[in-house]
2 protein chains.
Amino acid sequence: MAAELTAHQLIAQHRPTLDQALEAIRTRAYWSPHPEHPKAYGENGSLDAAAGKAAFDALLGSRLDLGQPGTDDWVGGETSPYGIELGVTYPHADVDTLLPAMRAGQRAWRDAGAEMRAVVCLEILKRISDRTHEFAHAVMHTSGQAFMMAFQAGGPHAQDRGLEAVAYAYVEQVRTPDNAEWTKPQGKRDPLALTKRFTPVPRGVALVIGCNTFPTWNGYPGLFASLATGNAVLVKPHPRAVLPLALTVQVAREVLAEAGFDPNLVALAAERAGEGIAKTLATRPEIRIIDYTGSTGFGDWLEANARQAQVYTEKAGVNTVLVESTDNYKGMLSNLAFSLSLYSGQMCTTPQNLLIPRDGIRTEEGPRSYDEVVADLARSVGGLLGDDARANGLLGAIVNPDVKARLEAAAGLGEVALASREIANPEFPDAVVRTPVIVKLDGAKPDDQAAFMNECFGPVSFAVAVDSAADAVALLRRTISSKGAMTVGAYTTSEEVEEAVQEACLEECAQLSLNLTGGVYVNQTAAFSDFHGSGGNPAANAALCDGAFVANRFRVVEIRKEA
Amino acid sequence: MAAELTAHQLIAQHRPTLDQALEAIRTRAYWSPHPEHPKAYGENGSLDAAAGKAAFDALLGSRLDLGQPGTDDWVGGETSPYGIELGVTYPHADVDTLLPAMRAGQRAWRDAGAEMRAVVCLEILKRISDRTHEFAHAVMHTSGQAFMMAFQAGGPHAQDRGLEAVAYAYVEQVRTPDNAEWTKPQGKRDPLALTKRFTPVPRGVALVIGCNTFPTWNGYPGLFASLATGNAVLVKPHPRAVLPLALTVQVAREVLAEAGFDPNLVALAAERAGEGIAKTLATRPEIRIIDYTGSTGFGDWLEANARQAQVYTEKAGVNTVLVESTDNYKGMLSNLAFSLSLYSGQMCTTPQNLLIPRDGIRTEEGPRSYDEVVADLARSVGGLLGDDARANGLLGAIVNPDVKARLEAAAGLGEVALASREIANPEFPDAVVRTPVIVKLDGAKPDDQAAFMNECFGPVSFAVAVDSAADAVALLRRTISSKGAMTVGAYTTSEEVEEAVQEACLEECAQLSLNLTGGVYVNQTAAFSDFHGSGGNPAANAALCDGAFVANRFRVVEIRKEA
């Protein structure tokens, strides 16, 4: 069968984008080819809002047949955090059939070379981008994100992270030339001369283990990094968030087939309720790479047990913001209020512990006591979420009952500075929508330490009273080194404190946002510019995205002969 | 204290060399700044042969005081494979004192930046290069290599591998800029603008666990990769091969101090006989990187147990040469004879299994039966080593009694095609010098398989009769996937067989040398051009040297604030 998409077409279409991505990761200036605004879609083959919604609606109750070999059953059962039953069923795989089938196409995919693999990946991303409106609904109704966030984080931002991974993967593979002529002088004798050929080869089958909250954003980097480096990729979505990754697999399979490759290079492993296939898959000898986002417990298990694979994990951390002083008190409060509220704090980057000196802080409006700062922050969050429509648009829904239970329990951990409030969602009456709780704790009390030194995933923040800025920096160091952190924030006008916080982050290896008071938030990172995680503290063993994220997904085989 | 070596001086002196190294790893053409010929030394501050020998002689019986903190004793006791007692003693460290001291200088080393670290490393290599003659004797009298090999492999070739690692480490760190301005348009509103600073930060203290046979060649890549990426490096030499690495540590400490850095960034961990400190060190929380060359057993132990560290291992493999046909029979025989003989086969890259069809092979001189090929190869080895002086210069000495015992036992495994011969060394009467043994085995017999499917390190080769070329390729695949291989060789004039062998090496991830008949040997790799190992089969989890070897030795911390 002749390929419908030729290398020439794909390279002509996507090489300029790849080159721009390569330039972006070198300069780390702002760049994205994926529009953030919903109204930007609807032309040149992309679905507009209505078409995207219709496409999503058509999926409900359907069987998503991916044409995978070894399909022995159909499984499904996702319930949206907004209350609707998705009713989509997916292929359940006999992995003893599926895994060998996934390996069958690897030779051709390897031989296609780094550039062809990159542009095929870009074509997959382009088709996903065209369906951003459809994906937005799929992400919204699996993660519980509000529509606008599901649209942006689950659409263009996720596509950016995928493209970034393709760019890193490409540049890593072409660091070594395809061929070399090696001629070593031998004095008066003839030189020694060898012809060498270098081929990037895949490790095998890569496994992506998806998460509930950001199925595409957290899934795309590993998926595209592994695929672009020549590996087949098996996607094991979170049972509550199958649809966005199943659609992704569907698009990837279509593009691979049209480009003349085996569609089984990308496949889905959906599971029955309670089946727990991640452990089984993760230790299969065919699986040589694993990308995982989720709990620390299972991440640690993977690192310890999936010894046959390269394991990239993003687990959990305890994110800290140190509040010492500011010259923009209102800006600080509103920036923090937004960070605590966005997606009900259900981001791995949401601040949890706010360290505030018990003697208070300096502001441009004069000193503020610890109690005043906490009360002002509570008021700021309350104001941000005072209007129910705006609150719904910012908070989204609580993703699962565990988060709700943690939120309810948090109120018993200390004095509640801001109580969580139940918000009705008129469009989705069954959605569980809650505003964040802020609890006051004392950094010197062992019982309180036990509470704030563990991750409490969800809309829960602790206003931790500390003795001094130095005490706060020491606690920050302890928190990062023992629990990890995806993000650290700090507010200070003191050069000395800024220096101490920076040094703590450099030594404990955490990403730091300083004095954010405007429209950028500590819990948001931009692809091509910001690193997500550091890979150097217990929260994650990898960062999105750097050379280390891609360099060990392939190896280079050299074949040399005399010239 | 003002630094004696300023950044300006070091950059002016070494940046051109670094740039040439960067170009070499991009093109992988021949390049080396380190002369291979002994007579090239003696000018511009380098030691000539006599001065190098005198410097080595002056070391014998001395105490090598490195000025390390926490030195609680003096240990030593190396006996040269050539029979002389070195009598050098080294500091024994109280690691609870030494490890904290090694961390004290890390902040300044981190803040110096990638370029300064690179040129400091190049200055260390330059001073080692100047003392190549001295190092040659140190390597000879610890590894048992013959002088000329100790000179080249232990001198310029090892220095090349160290420089190559510095080049990879440098380029990896500067892929991310030091600073970035990020400006995101917001339609009619003001753009979002952030200033970002990116800092490569070290993982912590790196541990280099040296080997007996190539203390510098196998030690330098990890040592320099870790140091150049900002880590402190603790060098734990093999108890029988301390001196070359102790001298290396001494030079590194001198240069670091002269450049204004803490000399404790590099330290030695020599041990008492039977102390076995590698296990203790490898699991210390301060140790975050480990480079190891040695047995599969301990390498596997490190990978399983040193979970707090990034572990780079070169273990053991079963190297195979497939002999199917040739158009240069004599060239093939003499090339193979040299590979089997060099350093008494005590290289991790020496071929062990020669797979030869039992029906014989095609040559430009007509067909040769299996028995003829083996007999001709035995004759070729015999001829190469017929002259005792030449044999001594090629074979060196047997490095330890284990190798001698394996050699003696090998003769009982099958029909001996070439018996090992004892050779007297007139200069060093106590040296154990032996020619290789070649044993005939049958690839179809289970007992024989049990023999040739395990690494038999030393001057032992097995001429394995196989049913066909296809059978040989299948056996090659099984061998690589189950036992690993540092090298694979093949001789064939058949396009079909060449294709099959190449595909086996690409799929099983092993480095292949095809039809070598001249002055390049399957067991030799050249820095800047050849990869040593693939990192993709059980023989080693890393290759020398590529991006994956350096990318995870540091992390990048981002500090961002509003512009």
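How much area is buried between chain A and chain B, and what share of it do carbon and sulfur atoms give? In this predicted model, the area buried between the two chains comes to about 6200 Å², with carbon and sulfur atoms giving 47% of that figure. Interface size is often quoted this way, as the accessible area lost when the parts come together. In terms of residues, 78 from chain A are in contact with 78 from chain B.

The polar side of this interface is easy to spell out. Between chain A and chain B the count is 18 salt bridges. One pair to look at is A:Arg555 with B:Asp546, whose side chains meet in a salt bridge with an N to O distance of 2.7 Å. Polar contacts add to the picture, with 50 residue pairs found across the interface of chain A and chain B, both partners at pLDDT 80 or more. On the chain A side, strand β19 (residues 554-562) gives the most, supplying 8 residues to the surface that touches chain B. Sorted by class, the chain A side of the interface splits into 33 nonpolar, 20 polar and 25 charged residues.

Turning to the inside of chain A, the chain is divided into domain 1 (7-11 + 60-174 + 198-315 + 543-562) and domain 2 (320-514). Their C-alpha centres lie 33 Å apart, and the contact takes 17 residues from domain 1 and 20 residues from domain 2. Here the buried area is about 1300 Å², and carbon and sulfur atoms give 67% of it. Three residues, A:Pro81, A:Tyr82 and A:Met149, supply 34% of the area that domain 1 of chain A buries against domain 2, more than any other three residues.

What does the rule find in the way of salt bridges across this domain interface? The number is 0 between domain 1 and domain 2 of chain A, while residue pairs in polar contact number 2, both partners again at pLDDT 80 or more. Helix α6 (residues 132-143) of chain A gives the most to the domain 1 side, with 4 residues. That side of domain 1, where domain 2 of chain A is touched, has 7 nonpolar, 8 polar and 2 charged residues.

A few backbone details deserve a look as well. Most residues other than glycine have a negative phi, and most peptide bonds are trans. In chain A, the peptide bond joining A:Leu544 and A:Cys545 is cis, with omega about -5°. A:Cys545 sits in the loop between β18 (512-514) and α20 (547-551) of chain A. Chain B also has a cis bond, from B:Leu544 to B:Cys545, with omega near -5°. There, B:Cys545 is found in the loop between β20 (512-514) and α20 (547-551) of chain B.

Which phi values are positive outside glycine? A:Ser344 is one case, with phi near 50°. This serine is in the loop between α13 (329-341) and β11 (353-357) of chain A, and it counts as buried because its relative accessibility is 0%. B:Cys509 is another residue with a positive phi, about 65°, although not a glycine. B:Cys509 lies in the loop between α19 (495-508) and β20 of chain B, and with a relative accessible area of 4% this cysteine is buried too.

Terms used: Residues are numbered from 1 along each chain as its sequence is written. Chains are lettered from A and ligands numbered from 1 in the order in which they are written. This is a predicted model: local features need pLDDT of at least 70, side-chain atom pairs count only at pLDDT 80 or more; totals for chains, interfaces and linings use all residues. Side-chain values use heavy atoms; hydrogens and water are left out. Domain bounds come from an automatic or database domain assignment. Contact means heavy atoms within 4.5 Å. Buried area is the accessible area (1.4 Å probe) that two parts lose on being put together, summed over both. A salt bridge is a side-chain nitrogen of Lys or Arg within 4 Å of a carboxyl oxygen of Asp or Glu. A polar contact is a pair of N or O atoms within 3.5 Å; within protein, one must be able to donate a hydrogen and the other to accept it, and residues adjacent in sequence count only if both atoms are side-chain atoms. Helices (H or I, at least four residues) and strands (E, at least two) are DSSP runs, numbered from the N terminus. Ala, Val, Leu, Ile, Met, Phe, Trp, Tyr, Cys and Pro count as nonpolar, Asp, Glu, Lys and Arg as charged, and the others, Gly among them, as polar. Buried means under 20% relative accessible area, exposed over 50%, partly exposed in between (1.4 Å probe, protein chains only).
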